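I sat down with this model to look at how two helices meet and where the charged side chains pair up. Here are my notes, in the order I looked things up.

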Amino acid sequence: TNSAFYTVYSVDWEGNRDVLGLYINSGGEGAKKWGLVMEDLKVRGVSDILVVCTDDLQGFSDQIQEAFPSSIVQKCIVHQMRNSLKYVDETDKKAVIKDLRQVYTSTTEESAKTALSAFEAAWEKKYKYIVKQWRENWTELMAFLDFPLPMRKMIYTTNPVEALHRIMRKLIKSKAAWTSETALLKQLYLSISRNEKSWRRKAHGWTSIQREIMELYPERVPQKN
């Protein structure tokens with residue numbers, strides 16, 4: 001059977017990385033399952049999430065907002081680029097990538113909008129679907145621009161979780177079968193625990209990021225007892 005693994009990879013207020021949850025669901029990934037994951041995190045004690053970085057799964061943002069209405073959703077730019085390039089002719093790819101890079105490397109949202117308008121002027125006739133994709137997801141694609149540069153690098157893509165996923169994929173590919181989903185989950189847990197050094201290191205430059213968050217979102221800063 002095909003199953004989807006749901007991992008919740010976090011950075012806490014002190015800059016420590018951790019895996020808050022590891023879930024499995026037969027039949028592939030779905031937004032409703034993610035909703036159950038969000039609710040499980042709440043029950044287990046997660047009271048607030050400032051930013052949630054996701055892929056472009058349809059309906060995922062709604063599930064996040066329902067569980068954590070104050071959270072900011074940042075859709076992965078790398079996933080968006082893959083979607084944008086899916087139907088681009090090979091001869092145009094380098095030029096399309098270069099023009100789209102002007103959008104997501106902009107320093108402000110206003111300049112990003114200008115870059116997207118320039119892309120539209122150059123490519124709309126041939127790749128109208130790309131402009132439509134970016135405009136429909138604009139708020140969640142450009143959310144990272146509201147944060148300081150060091151934090152932007154952390155949240156504009158879900159790539160940081162790939163180190164964790166590589167460990168999981170390596171295990172799954174090396175073994176053909178398990179007696180049950182529970183057995184598989186246990187082995188995955190043991191595997192990622194044994195390889196913590198590759199994914200659990202503290203977030204780089206976190207002290208400066210803390211200062212910026214304290215200024216931007218003072219009401220969201222955890223209060224120590």
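Entry 1, the helix pair. I began with the crossing of H5 and H6, and H5 passes H6 in a left-handed crossing. I keep in mind that this is a predicted model. The two helices pack at an angle of about 160°, and their axes are 9 Å apart. An angle over 145 degrees counts as roughly antiparallel, so H5 is roughly antiparallel to H6.

Entry 2, who touches whom. On the H5 side I listed Leu116, Ser117, Phe119, Glu120 and Trp123. They meet Lys128, Ile130, Val131, Trp134 and Arg135 of H6. Sorting the residues of this contact gave me 6 nonpolar, 1 polar and 3 charged.

Entry 3, a charged pair across the two helices. Which residue meets Arg135 in a salt bridge? I found Glu120, with 2.6 Å from N to O. Arg135 belongs to helix H6 (residues 128-136) and Glu120 to helix H5, so this salt bridge ties together parts that are 15 residues apart in sequence. I also looked up the accessibility of Arg135: the residue is partly exposed, at a relative accessible area of 42%.

Entry 4, a pair inside H5. Glu109 and Lys113 form a salt bridge too, and their closest N and O atoms are 4.0 Å apart. Both sit in helix H5 (residues 109-123), 4 residues apart, so about one helical turn separates them. Glu109 is partly exposed at 34% relative accessible area, and Lys113 also counts as partly exposed, at 40%.

Entry 5, a pair distant in sequence. Next I turned to Asp48, which forms a salt bridge with Arg220; the closest N and O atoms are 2.7 Å apart. Asp48 lies in the loop between helix H1 (31-43) and strand E3 (51-54), while Arg220 is in the segment after helix H11 (206-216), so the pair ties together parts 172 residues apart in sequence. Are the two partners buried or exposed? Asp48 is partly exposed, with a relative accessible area of 35%. Arg220 counts as buried at 17% relative accessibility, because the cut-off for buried is under 20%.

Entry 6, the tally. How many salt bridges are there by this rule? I noted 12. Among them are Asp48 with Arg220, Glu109 with Lys113, and Arg135 with Glu120.

Technical notes:
Residues numbered from 1 in each chain as written. Predicted model: local features only at pLDDT ≥ 70, side-chain atom pairs only at ≥ 80, totals over all residues. Heavy atoms only, no water. Salt bridge = Lys/Arg side-chain N within 4 Å of Asp/Glu carboxyl O. Buried < 20%, exposed > 50% of the residue type's maximum accessible area, 1.4 Å probe, protein only. Axes fitted to C-alpha atoms, helices over the stretch in contact; angles between N-to-C directions. Parallel < 35°, antiparallel > 145°, perpendicular 65-115°, else oblique. Left-handed = near helix turned anticlockwise from the far one by under 90°. Contact = heavy atoms within 4.5 Å. Nonpolar A, V, L, I, M, F, W, Y, C, P; charged D, E, K, R; others polar.
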